[in-house]
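Got your viewer open and a selection box handy? Here is a tour to follow click by click.

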Amino acid sequence: MNNIELIFPEIFISLSIMFLLILGVFKKDSSKIIHNISLLVLLITAVITFNETLSINPTTLFNESIIIDYLSSLMKIITLLGAFVVLLISSNYLRTFKIFKIEYPILILSSVLGMMIMISSNDLIVFYMGLELQSLALYVLATFNRDQLKSSEAGLKYFVLSALSSGLLLYGCSLIYGFTGSTNFNVISTQFNTNEYAITFGIVFILVGLSFKISAVPFHMWAPDVYEGSPTSVTLFFTMVPKIAALTVFIRFLYVPFLNLIDQWQMILVFLSIASMLFGAIAAIGQKNLKRLIAYSSISHIGYALAGLATGSNEGIQNSVIYMTIYIIMNLGFFSCLLMMKRNNIYYEQIDDLSGLSKNHPLLSISLLIILFSLAGIPPLAGFFAKFYIFKSVIEQSMYFLAIVGLLSTVVAAFYYLRIIKIMYFDEEKDSYDKDHNLWLKLSLTVSTILILMYFIFPSELIDVVSKIKII
Amino acid sequence: MNFPILSSLILLPSIGALFLFFTKSKSENKITAKYVALFTSLVNFFLSIYLWFLFDQATSAFQFVEDRIWIKGLINYKVGVDGISILFIILTTFITPLCIISVNNSVTKRLNEFLIAILVMETFMIGVFCSLDLVVFYLFFEAGLIPMFLIIGIWGGARRVYSAFKFFLFTLLGSVLMLVAIISIYWITGTTDVVQLYELGIDTKYQNLLWLAFFSSFAVKTPMWPVHTWLPDAHVEAPTAGSVLLAAILLKMAGYGFIRFSLGLFPSASEVFTPLIYTLSVIAIIFTSLIALMQEDMKKLIAYSSVAHMGFVTLGIFTIQQQGIEGSIIQMISHGLVSAALFLCVGVVYDRMHSRLIATYGGIVTVIPKYAILFMVFTLAALGLPGTSGFVGEFLILMAAFKDNFLVAVLASLGVIIGAAYMLWLYKRVIFGKLINSELKKMIDLNKSEAFTLTCLAIPTLYFGFYPEPLINTIEVSIRDLIDTYNFSVASKQ
């Protein structure tokens, strides 16, 4: 077996999962140690990925069914680091709800493993396998606070709808297999006949399935309920990590086998993008719960990332990756704030609970202010640059309609971000929240705020990192 | 020139703001915070005066240019000044310390944060006037929304939330189209560097749409009729210092943008759309002057008069003649001084009586005579009496307009008369008449800091009214060059 070292990260993480499971079964009260080991595992895997695979030429393994290239390595590292941070800051929250159990880190590890397989997949079957692995873990994570009705509801809803979308996706896979005789991306790209409509149908079905996973409109219905019902730390995980993997598959699936059919899928992507941007912005206006609001906001943000993918250029892909990276950082900051809104062991998550926050918690509210303005895309914060890059590549392809709709929906979106700021700064104060927070929570908030605020000083670094992504 | 004087001008206020931010928790002493802010802004003011001193008036080229790679292969951080922008920078650095002095009475809560917001605002405003790259310009232009939103929203009056939202969303909506245009320019020409764009020129077939996109942003910010409605709300609800910044400097960003970008980058489109601007300007002048006549709230009256005055400015810019543009710039500077002063004047009586309604006052000339004198100076300057800076600008603009379009000029002159009417009537109702409201007798005349700020504003108003040479000398060459380029490219098109 040549090049087996290239999938060391996956092998390492699977072995760790098994080891941790056994440890958890045989050792009593091991949740803390398993939590810490999982953190270590994620970090080590990220380091292995960085060392072994980031700088190699694109290589395929196992009959070309797995591909290791710069894109996959980069996305894996982002996924791993995202999961690492989620795990790092969620321990206090879990303890409060008495769900600090061994399953939590192990489920996160398994879903990360699924995502890594998805990211590296160069074959429909491998891709589906990874997808299901991560989804199954995510269903359980959504219901993790099983004593709460909302959490169980969230998990069940997610499970049913996700299963439906997986079915559609499989149907698309089978259509494509039927008309090209292969499930391998490279083979498909040489085999298919551009005049065959069945292929287009197959692409549409797969796109539907994928859109469901990234919650793009009109396949977004599950997101607000699931985001609201799941434990906050799991919601944080949902908004950040699975989207990276799904987006990578989006890129790989559309640009490797079906680049020639760009006329067919570009329209779909433009529609998904416009619908998500507008709907996410408009629907968020009426929300009262911060987690629901961030669900709609994430729908709208995914719309921008898709706009980058719709361009059909390398630069568009790179800018989508930049967008997602910056979005993850903003989200991390936002959820760190959310996890700090705790008083007497109760977490508050309504928008009104932020009322007058600036008087009791000036530092917390200034961070949230920066994060919200950045989410709204106001310069000179990082969120503006993310949008700027996206629209730059969109306009370069002369897709003016998409650009104008996108920018107008930022104005609509600005409204609900401003509403939160209004409540924090202009309204009367309530009781103050606990001030003794987990060190990691404080750190993640500080770091993400500083990154957002100071991004404009070193904007080239991130571009350098993604500029090595070359798909076409 | 190795010392990066422009970047220092931009950064200094922010450094002051950072300093305030980090020392906040330790010193509860409000006086210290104010002195720190005042010191920072004064240093900035003297730096900008030094800049004017070094400035070479004989050339139209950009001076003190700094050019650094910012986003590799995409955008350079490029700043520089020419005759058009330098006066606005000095106006900004001049008004900001006066604002900080004036917070004494009007801002009672969260003084520290207020000063931070004002200093950050100063950074962005100076950045707008210095930047020689479209993206850098946009960045500063938009970033100014954040502190202003907070200034109106936190320290404003009763309907502050509504006004802050209206201000933010109106301006943002106008600006996003400008962002599309900026990216399109990058795509068409491969650069967003203003100096290079002046040389390259932009293909005429794109110009009209691009011009409209820029216009949508500047029209909201100017504000031109019919998108001026945010301004009265924002002015009325903002605290005094916020109104001053808004009227004196923020509105000038758009006028500056018209000269620098609309005329400079899209000459043939400017030619096409001149009638549109004329129409909107004349409507703004007459219509909003009439509205101003009917106002019962002093701040609202001055806000509407701002819209009318900015109507003169846009009119003057698009006459595209030496006098017209010179007049517009002088009118902007003058309006910056006068409207700032008028808002401060309203602030003075508001702090004492907590009412902005004209009907509350009347006959206060005997109670507070010093105030009455200074208020009169600015009233007369606002209506453009010869000998005040307001006259110079309006006169030059109308002269240029008469050369270009008789009807427009006559209508605009009508606006001057209505302007005189509402300002004098305002003055009459507030200062003269019978002293009916007995509460007014308790009013105290100007204290030292109020007298100082108003005098500081009165001196340049009168000085430049009698002797506008220093201003005209500074801007003359740059404008001549701008008009030559403009005529050349319009002629070459035909």
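How many helices and strands are there in chain A? Colour chain A by secondary structure and you should count 20 helices and 4 strands. Keep in mind throughout that this is a predicted model.

**Stop 1: chain A as a whole**

Show the C-alpha trace of chain A. Along the principal axes, those atoms fill a box of roughly 65 × 60 × 40 Å. The radius of gyration is 21 Å, which agrees with the value near 23 Å that a compact globule of 472 residues would have. Buried residues account for 58% of the 472 in this chain. Now think about contacts in chain A with a separation of 6 or more: 78% of them link residues 24 or more positions apart.

**Stop 2: the start of chain A**

Select A:Asn3, in the segment before helix 1 (8–26) of chain A. Is A:Asn3 in contact with residues beyond its sequence neighbours, and if so, which? Leaving aside anything within four places in sequence, A:Asn3 is in contact with A:Thr59 and A:Leu61. Add A:Phe62 to the selection: A:Phe62 and A:Asn3 are 59 residues apart in sequence, with 10.0 Å from C-alpha to C-alpha. A:Asn3 has 14 other C-beta atoms within 10 Å, so A:Asn3 is partly exposed.

**Stop 3: a helix pair in chain A**

Next, select residues 314–340 and 439–454 of chain A, which are helix 14 and helix 19. Two packed helices are described by the angle between their axes and the distance between the axes. Here the angle is about 145° and the axes are 8 Å apart. Helix 14 of chain A passes helix 19 of chain A in a left-handed crossing.

Turn on side chains where they meet. From helix 14 of chain A, the residues to show include A:Ile329, A:Leu332, A:Gly333 and A:Ser336. Across from them, helix 19 of chain A brings residues including A:Leu441, A:Ser444, A:Leu445 and A:Ser448. Coloured by class, the contact between helix 14 and helix 19 of chain A has 10 nonpolar, 5 polar and no charged residues.

**Stop 4: two loops in chain A**

Head for A:Asn344, in the loop between strand 3 (342–343) and strand 4 (346–347) of chain A. A:Asn344 is not a glycine, yet has a positive phi of about 45°. Is A:Asn344 buried or exposed? A:Asn344 counts as exposed, because there are 7 C-beta neighbours inside 10 Å.

Then go to A:Pro380, which is in the loop between helix 16 (362–375) and helix 17 of chain A. Look at the peptide bond from A:Pro379 to A:Pro380: the bond is cis, with omega near 5°.

**Stop 5: where the two chains touch**

Bring chain B into view. How many residues does the contact take from chain A and from chain B? There are 23 residues from chain A and 26 residues from chain B. On the side of chain A that touches chain B, helix 17 (382–396), helix 18 (400–425) and helix 20 (460–466) of chain A each supply at least two residues. Helix 18 of chain A gives the largest share of that side, 11 residues. By class, the side of chain A that touches chain B has 18 nonpolar, 2 polar and 3 charged residues.

**Stop 6: a hairpin in chain B**

Select residues 63–71 of chain B, which is strand 1, and add strand 2 of chain B; the two pair in the antiparallel sense over 6 bridges. Strand 1 and strand 2 of chain B form a hairpin with 3 residues between them, and B:Gly73 in the turn has a positive phi of about 70°. Two pairs to label: B:Ile71 stands opposite B:Ile75 in strand 2 of chain B, and B:Ile69 stands opposite B:Asn76 in strand 2 of chain B. Strand 2 (residues 75–81) of chain B is mostly covered, with 5 of its 7 residues buried.

While you are here, click on B:Phe64 in strand 1 of chain B. Phi of B:Phe64 is near 55°, a positive value in a residue other than glycine. B:Phe64 counts as buried, because there are 21 C-beta neighbours inside 10 Å.

**Last stop: a cis bond in chain B**

Finish at B:Pro223, in the loop between helix 9 (204–221) and helix 10 (230–237) of chain B. The peptide bond from B:Thr222 to B:Pro223 is cis, with omega near -10°.

Methods:
Residues numbered from 1 in each chain as written. Chains lettered and ligands numbered in written order. Predicted model: local features only at pLDDT ≥ 70, side-chain atom pairs only at ≥ 80, totals over all residues. Axes fitted to C-alpha atoms, helices over the stretch in contact; angles between N-to-C directions. Left-handed = near helix turned anticlockwise from the far one by under 90°. Contact = placed C-beta atoms within 7 Å. Nonpolar A, V, L, I, M, F, W, Y, C, P; charged D, E, K, R; others polar. Rg over C-alpha atoms; globule rule 2.2 N^0.38 Å. Buried ≥ 20, exposed ≤ 12 C-beta atoms within 10 Å, placed from the backbone. Pairing = 2+ DSSP bridges.
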